[in-house]
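Subject: Handover of the structure and notes on it

Dear colleague,

Please find the structure below, followed by my notes, which begin with the pocket and then turn to the metal site, the cavity and the fold. I would be glad if you read them beside the coordinates.

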Amino acid sequence: MRIFFDPAQKEHAPAKELHNGELVPYAEKPARLASILAKIGDTHTPRDFGLGPIQAVHSDAYLDFLRSAYEDWRTAGRMGDAVPYVFPVRGRRPLTLDRIDGRLGHYAFDCGTPITEKTWAAAYASAQTALTALEHVISGDPVSFALCRPPGHHAGRDYFGGYCYLNNAAIIAANAIEKGAGRVAILDVDYHHGNGTQDIFYERAEVLTVSIHADPSTDYPFYWGHADETGTGEGVGATLNLPLRRGTDWAAFEQALARAIETVATFKPDLLVVPFGADTFDGDPISYFRLKSEDYTAIGQSIGALNIPTVVTMEGGYAIEALGENVHRFLAGLS
Ligand code: Q9C
Ligand code: ZN
């Protein structure tokens, strides 16, 4: 299996995040990459496919905002990372604002995803990493791993949040269809619901979106990922959410995984995209499932047994000590 990685992704390093009412050190740290790189094999440098495949998923206005947000923030006289703090809640009329404060609140859905000087470059590199991993699978290798950072699955067409800015998995799913795939399945196994991915494909029949995650009645991102969200318009039936309670261990996770895999198999996709998070781990500092390191081998094996060309994008996982081991086991099981 080929692994793709771009060191520019290390430069994105927000200082703090708002977590349970406190400013704490940012959980989505560059050290996550070091933990993973120490355990997996050699990596390959991604190609640059330009902005086109990113524009196929994200709006131009949002991309313009993201590229200049940090500079605009500093130009307005602010210190530190750019963080939104005021939002146009339910039903405010659409406004086009110049002030960075208004633009941040317009494009963000949480206060926990700061924009730094290096965020755009890292997010762009992360998307190119995923696109290169896709190209590799299209060229005939059955599996590839995009070591993406920042992660992507919470980012929507025109919004950021949940440590995510560009939706790497959605970008490659859309790009695969652009390059001739008839049907693409996305199987998201991060602890958190992949709300951005769901929103992007909610009306599309040719992209199946399946997510196993902590029940949004108790867990982030709260407003998406409930079991009754099944798609709309032509996309009715092409979204499947499998929310699980806090405390979920392998026995319960395995049952949901079996159902997810069955649904993917029935869909008969030409390509499978797996947004993979290791924040389902027992020791994760911000999450509440109880998977053990050996369970990641089993998840990889179950998904690998589908025998569908597969691209994995790295999403969450914050127990840095065990992260490399868990990622390595998942990839070993998969290939
Ligand atoms: N106490 C990913 O795993 N934390 N994102 C909210 C609430 C946000 C996780 C804090 C978690 C985002 C890619
Ligand atoms: Zn997560």
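The largest pocket has a volume of about 1,300 Å³, where a pocket is, on a 1 Å grid over the protein atoms alone, an open set of points with protein on both sides within 12 Å along at least five of seven lines, and its lining residues have an atom within 4 Å of a point; a volume is the space filled by probe spheres set on the points, which are joined across faces, edges and corners. Of the 48 residues that line this pocket, Phe109, Asp110, Cys111, Tyr220 and Tyr223 are the closest to its centre. By class the lining holds 24 nonpolar, 14 polar and 10 charged residues, with Ala, Val, Leu, Ile, Met, Phe, Trp, Tyr, Cys and Pro counted as nonpolar, Asp, Glu, Lys and Arg as charged, and the others, Gly among them, as polar. Helix 4 (100-107) and strand 2 (16-19) each supply at least two of these residues, and the largest share, 4 residues, comes from helix 4; helices (H or I, at least four residues) and strands (E, at least two) are DSSP runs numbered from the N terminus.

Please keep in mind that this is a predicted model, in which local features need pLDDT of at least 70 and side-chain atom pairs count only at pLDDT 80 or more, while totals for chains, interfaces and linings use all residues. Residues are numbered from 1 along each chain as its sequence is written, chains are lettered from A and ligands numbered from 1 in the order in which they are written, and side-chain values use heavy atoms, with hydrogens and water left out.

Which protein residues act as donors of the zinc ion (ligand 2)? They are Asp190, through two OD entries, His192 through ND1 and Asp279 through OD, lying 2.0 to 2.8 Å from the ion, where donors are N, O and S atoms within 2.8 Å of the metal (3.2 Å for Na, K and Ca), and sites may look incomplete because water is not among the atoms. Along the chain these donors follow the spacing D-x1-H-x86-D. Asp190 counts as buried because its relative accessibility is 1%, and His192 counts as buried at 8%; buried means under 20% relative accessible area, exposed over 50% and partly exposed in between (1.4 Å probe, protein chains only).

A search of the whole structure finds 1 cavity of 30 Å³ or more, a cavity being a set of points where a 1.4 Å probe fits but cannot get out. About 40 Å³ of space lies in it, and its lining, which includes Asp188, His193 and Asn241, divides into no nonpolar, 7 polar and 1 charged residues. Helix 7 (195-201) and strand 6 (207-214) each supply at least two of the lining residues.

As for the fold, an open sheet of 7 strands has the order 1-4-9-8-5-6-7, with parallel pairing, and two strands pair if DSSP finds at least two bridges between them. Strand 1 (2-4) and strand 7 (239-244) stand at the edges with a single partner strand each, so one side of each is left without a neighbour in the sheet. Within the sheet, 5 bridges join strand 5 (residues 184-188) to strand 6 in parallel, and Leu187 has Val210 as its bridge partner in strand 6. Helix 6 (residues 168-178) is mostly covered, with 10 of its 11 residues buried, and just after helix 6 Gly180 takes a positive phi of about 115 degrees.

With best wishes
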